[in-house]
Amino acid sequence: MRDFAHSVSPEATAARGPDPQLERVLRRVVATGLALVLLFPLARGEIPWLGWAPLWLVGMPLAAWWALHRFRLPQWPDRRAGGGRRHRHAQARRRAGTPRGPQWRAA
């Protein structure tokens, strides 16, 4: 019998988005943690039994949210495909008749 990972096609898993309820919960946890860190100085410090509070209030929920989206990176425009700045002028070319040799060296 095939295991579950092989029974689901990659196209089907890519087409399905994350669970909307779980995403909503993670969004609220991130927002709450960010508000706590920004508003309460105690939440910016270190808790002896927990460690650095901003890591657990903001960093870990953000990592969980990112994992929910299967660690996809943001889509940046591809410069080679025409995105980004375009130069309006042609690239400068060297002149073919420029003499190069020992007679043009500085003394």
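**Warm-up.** Where is Ala43 found? Ala43 sits in the loop between H3 and strand E1 (46-47). Helices (H or I, at least four residues) and strands (E, at least two) are DSSP runs, numbered from the N terminus.

Before we go on, a word on the model: it is predicted, so local features need pLDDT of at least 70 and side-chain atom pairs count only at pLDDT 80 or more, while totals for chains, interfaces and linings use all residues. Residues are numbered from 1 along each chain as its sequence is written, and side-chain values use heavy atoms, with hydrogens and water left out.

**Exercise 1. Describe the overall layout of the protein.**

Step 1: Start with the elements. The protein has 4 helices and 2 strands.

Step 2: Put them in order. Along the sequence, the pattern reads α-α-α-β-β-α.

Step 3: Look at burial. A residue is buried under 20% relative accessible area, exposed over 50%, and partly exposed in between (1.4 Å probe, protein chains only). Buried residues make up 11% of the 107 residues.

Step 4: Return to the warm-up residue. Ala43 has 10% relative accessibility, so Ala43 counts as buried. The C-alpha atoms of Ala43 and Trp56 are 13 residues apart along the chain and separated by 9.8 Å.

**Exercise 2. Check the length of helix H3 and work out how its two sides differ in exposure.**

Step 1: Find the expected span, which is 1.5 Å times one less than the number of residues. Helix H3 (residues 20-39) has 20 residues and should span 28 Å; its end C-alpha atoms are 28 Å apart, which agrees.

Step 2: List the buried residues of H3. They are Glu23, Leu26, Val30, Gly33 and Val37.

Step 3: See where these residues point. They cover an arc of only 95 degrees around the axis, which puts them on the same side of H3. The arc is that of the directions from the helix axis to the C-beta atoms.

Step 4: Turn to the other side of H3. There, Pro20, Gln21, Arg28 and Leu39 are exposed.

Step 5: Add one further residue of this helix. Thr32 lies in H3 and is partly exposed, with a relative accessible area of 47%. Thr32 and Val58 are 26 residues apart in sequence and 8.5 Å apart in space, C-alpha to C-alpha.

**Exercise 3. Find the salt bridge and describe its two partners.**

Step 1: Apply the rule. A salt bridge is a side-chain nitrogen of Lys or Arg within 4 Å of a carboxyl oxygen of Asp or Glu. By this rule the count comes to 1 salt bridge.

Step 2: Name the partners. Glu23 pairs with Arg27, and their closest N and O atoms are 3.2 Å apart.

Step 3: Place them. Both Glu23 and Arg27 lie in helix H3, 4 residues apart, about one turn of the helix.

Step 4: Compare their surroundings. Glu23 is buried at 15% relative accessibility, whereas Arg27 is partly exposed at 45%.

**Exercise 4. Classify the aromatic pair.**

Step 1: Recall how such pairs are described. The distance of the centres and the angle of the planes describe a pair of aromatic rings.

Step 2: Set the limits. Rings of Phe, Tyr and Trp (its six-membered ring) pair if their centres lie within 6.5 Å; planes under 30 degrees apart count as stacked, over 60 as edge-to-face and the rest as tilted.

Step 3: Count and classify. The structure holds 1 aromatic pair. The rings of Trp66 and Phe71 have centres 5.0 Å apart and planes at 80 degrees, so the pair is edge-to-face.

Step 4: Place Trp66. This residue belongs to helix H4 and is partly exposed at 39% relative accessibility. Trp66 and Leu26 are 40 residues apart in sequence and 9.8 Å apart in space, C-alpha to C-alpha.

**Exercise 5. Explain what is unusual about the backbone of Arg70.**

Step 1: Recall the usual case. Most residues other than glycine have a negative phi.

Step 2: Look at this residue. Arg70 has a positive phi of about 60 degrees although it is not a glycine.

Step 3: Locate Arg70. Arg70 is found in the segment after H4 and is partly exposed, with a relative accessible area of 47%.
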